[in-house]
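Colleague: I'd like a close look at one part of this model rather than the full tour. Could you take your time over it and spell out the cut-offs as you go?

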Amino acid sequence: MEQKARRSRSADGDGRTVLAVVSDLLMEVRIEATAQLQGVTVKTVSAEDAATHVGDSTHGLVIADLAVVRDLDALAAAARGAGVTLVAYYPHVDDELRKAAKRAGIEHVYPRSRFLRDLPKILAEQIPS
């Protein structure tokens, strides 16, 4: 129960903010555009600052590019500790990143192309309406 209550809050108090850990400007724009269509705000942070931002603010969802996150365990632990779902994507040619994410306990891991295709559905399922 506590986890669900924590997930439903954000900096604005409504859980409709996504924390995006991305370095690719094109991915950032695509995530923001998709989120905007659903009335969701996106806050982008660097990989170095990600775990801190997950821990000090409550978001409805964290999206991370596995290619830029250096410490998957720390990010996954911060998300679990904050009661926030972490969705990650990776370049389809780098299966080691997928395996590392699974070892870190990240449940929602997608190849980049599938992540982009499914992003509207992911946001609809993970962000409270």
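What percentage of the 129 residues in the protein chain do the buried residues make up? After that, please zoom in on β4: which of its residues sit on one side and which on the other?

Modeller: Quick ground rules before we start. This is a predicted model, where local features need pLDDT of at least 70 and side-chain atom pairs count only at pLDDT 80 or more, while totals for chains, interfaces and linings use all residues. Residues are numbered from 1 along each chain as its sequence is written, and side-chain values use heavy atoms, leaving out hydrogens and water.

To your opening question: 47% of the 129 residues are buried (under 20% relative accessible area; exposed is over 50%, partly exposed is in between, with a 1.4 Å probe and protein chains only). The chain has 6 helices and 5 strands (DSSP runs numbered from the N terminus: H or I of at least four residues for helices, E of at least two for strands). Starting at the N terminus, they go α-β-α-β-α-β-α-β-α-β-α.

Now β4 itself. This strand is mostly covered, with 5 of its 5 residues buried. On one side you'll find L86, A88 and Y90, on the other V87 and Y89, and both faces are covered.

Next, the strands it pairs with (a pair needs at least two DSSP bridges between the strands). β3 pairs with β4 in the parallel sense over 4 bridges, and I63 stands opposite V87 there. β5, residues 108–111, also runs parallel to β4 and is joined to it by 4 bridges. In that pairing V87 faces H108, while A88 stands opposite V109.

Helices come into it too. β3, α4 and β4 form a right-handed β-α-β unit, and β4, α5 and β5 make a right-handed one as well. Right-handed here means that, with the strands pointing away from the viewer, the path from the first strand over the helix to the second runs clockwise.

What does β4 pack into? The largest nonpolar core has 26 residues, and L86 is among those with the most contacts inside it, along with V21, V54, L66, L72 and I106. (Such a core is a set of buried Ala, Val, Leu, Ile, Met, Phe, Trp, Tyr and Cys residues joined through side-chain atoms within 4.5 Å.) β4 (86–90) supplies at least two of its residues, as do β1, α3, β3, α4 and α5. α4 gives the largest share, 6 residues. Take V54: setting aside residues up to four places away in sequence, V54 touches L19, V62, L75, A78, A79 and A82 (contact means heavy atoms within 4.5 Å).

One last feature of β4 is worth pulling up on your screen. A search of the whole structure turns up 1 aromatic pair (Phe, Tyr or Trp rings, the six-membered one for Trp, with centres within 6.5 Å; planes under 30 degrees apart are stacked, over 60 edge-to-face, the rest tilted). The ring centres of Y89 and F115 are 4.6 Å apart and the planes sit at 20°, so this pair is stacked. Y89 is in β4 and F115 in helix α6 (residues 112–126), so the pair links distant parts of the chain, 26 residues apart. Both Y89 and F115 are buried.
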